[in-house]
Amino acid sequence: MNISIFGLGYVGCVSLGCLAKNGHTVIGVDVSQDKVNQINNGQATIVEKDIDEIILEQHQAGRISATTDFQAAVVATEVSIVAVGTPSSAKGHLNLDYIFNVARNIGEVLKTKDAFHVVALRSTVLPGTCEKFAHIIEDASGKKANVDFAVVDNPEFLREGTAVEDYYNPPLTLIGGENEQATSLLSTLYSQLPAEVIVTDTKTAEIMKYVNNTFHALKISFANEVGNISSALGIDSHKVMEIFCKDKQLNISPYYFKPGFAYGGSCLPKDLKGLQTLAHDLYVKVPLIESIDQTNAIQIQRAVSLLSKFFGKRIAILGLSFKAGTDDLRNSPSVELVETLIGKGFDISIYDSNIQIAKLTGKNKDYIESRIPHLSKLLVDNLDYVLEKSDVLVVCNKEQQFVEKFNTIKGKTVVDLVRLPAHVKENNNYFGINW
């Protein structure tokens, strides 16, 4: 395939060499004549393991070249990859001037080019950037996006120092776009790589680099705070985190990475508070760990705000325990949600087949009596009755009977805090907390 790459910096240079090594003919485009000259002399524009050898080898093979003439590059290629810089301002906003200049340049060329052209953004951009990029091309070219050309997002996940190895051994390859011809064409660029190619919508692809890198920063900060607490106790923090990483079922797994309602139960709140207290007593600052329960409280308030538009309606809470299959009400976010709604004057009924007032004992009983002393007046033991008589159904945990009932329910207002199957959204007036 014939490919043009706009921007010969870090990502552009690595992409130029690696795509050529995979057999494609690649033209680099840059405003810097020095960078263009380097490529045309078989020299890499960056310092990175193995890339200098690849650039020299592919230059000698005649598969790479570089130019400042964007028009000639676009005319000669089927795909243009955009890898120009998106520097951040002091407040975190991106400077997209370079990106949009490329869009105008490509648009000017496409004005007179008949063939369908694909533009892939490799630069890190916020959701909505590809759409604006496409509009700029439309304005400059008079052509129609996803008809005469297409813009897709193709974020890179290259680490400095191991970029070539990362290119050939990615965890996944991500392509975001709404045009099947474009996403299929771009997928073929990565057919030789061992990783899965995931095709999704454009905005999902655009946000992924931010999500990934923020989580990496979170992991480093979490490990450092654990290390600071461990150090204050004379414990080997590397041994702690080594054992932590041994648990692939929960600690390193997708189990907890499901957006939805707040966490609760007897363990997470208690042990989080215990670690926060330990750090406090040791005079160790742990702002990340300190903020976790604040984020959890915000999620409960998010549910309250979502339900506020239904004041005056009959609200059914489906599931009061902190998760399905248990009667544990301690620190259940559903209890706090109900408590808040009652305080605001909402008409509430509750169904939870695991909760029987007569059988509540010990701390479970003490907890619920302190939070919702009149719970027995709110509990209904007939699910069908609750579903029929209520205006708004709030699903707070994923009991199988709820999932089964929603296979037949239609025309209800549903507030989903647990991510029910898609048909619930199609058949009802549906509101999800995070989707």
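A residue is called buried when its relative accessible area is under 20%, exposed when that area is over 50%, and partly exposed in between. In this predicted model, that definition picks out Val 11, Gly 12, Cys 13, Val 14, Ser 15, Leu 16, Gly 17, Cys 18, Leu 19 and Ala 20 as the buried residues of helix α1. The points below begin with that helix and then turn to the cysteines and a surface patch.

**Helix α1**
- Helix α1 covers residues 10–21, and because 10 of its 12 residues are buried, α1 is largely enclosed by the rest of the structure.
- At 1.5 Å a residue, a span of 16 Å is expected for the 12 residues of α1, and this agrees with the 17 Å between its end C-alpha atoms.
- After α1 comes Gly 23, which has a positive phi near 105°.

**Ser 15**
- Ser 15, a residue of α1, has a relative accessible area of 2% and therefore counts as buried.
- When neighbours within four places in sequence are left aside, Ser 15 is in contact with Ile 5, Arg 122 and Tyr 167.

**Cysteines**
- A search of the whole structure for disulfides finds 0.
- Cys 130, with a relative accessible area of 3%, is buried, whereas Cys 245, with a relative accessible area of 35%, is partly exposed.

**A nonpolar surface patch**
- Leu 233, Ile 235, Val 240 and Leu 278 make a nonpolar surface patch of about 280 Å².
- One of these patch residues, Val 240, lies in helix α10, which covers residues 237–244, and its relative accessibility of 31% makes Val 240 partly exposed.

How values were computed: Residues are numbered from 1 along each chain as its sequence is written. This is a predicted model: local features need pLDDT of at least 70, side-chain atom pairs count only at pLDDT 80 or more; totals for chains, interfaces and linings use all residues. Side-chain values use heavy atoms; hydrogens and water are left out. Patches are made of residues with over 30% relative accessible area and no salt bridge: like charges are joined within 9 Å, nonpolar side chains (Val, Leu, Ile, Met, Phe, Trp, Tyr) within 5 Å. Accessible areas come from the Shrake-Rupley method with a 1.4 Å probe; for residues, only the protein chains shown count as cover. A salt bridge is a side-chain nitrogen of Lys or Arg within 4 Å of a carboxyl oxygen of Asp or Glu. Helices (H or I, at least four residues) and strands (E, at least two) are DSSP runs, numbered from the N terminus. Buried means under 20% relative accessible area, exposed over 50%, partly exposed in between (1.4 Å probe, protein chains only). Contact means heavy atoms within 4.5 Å. A disulfide is a pair of cysteine sulfur atoms within 2.5 Å. The expected span of a helix is 1.5 Å times one less than its number of residues.
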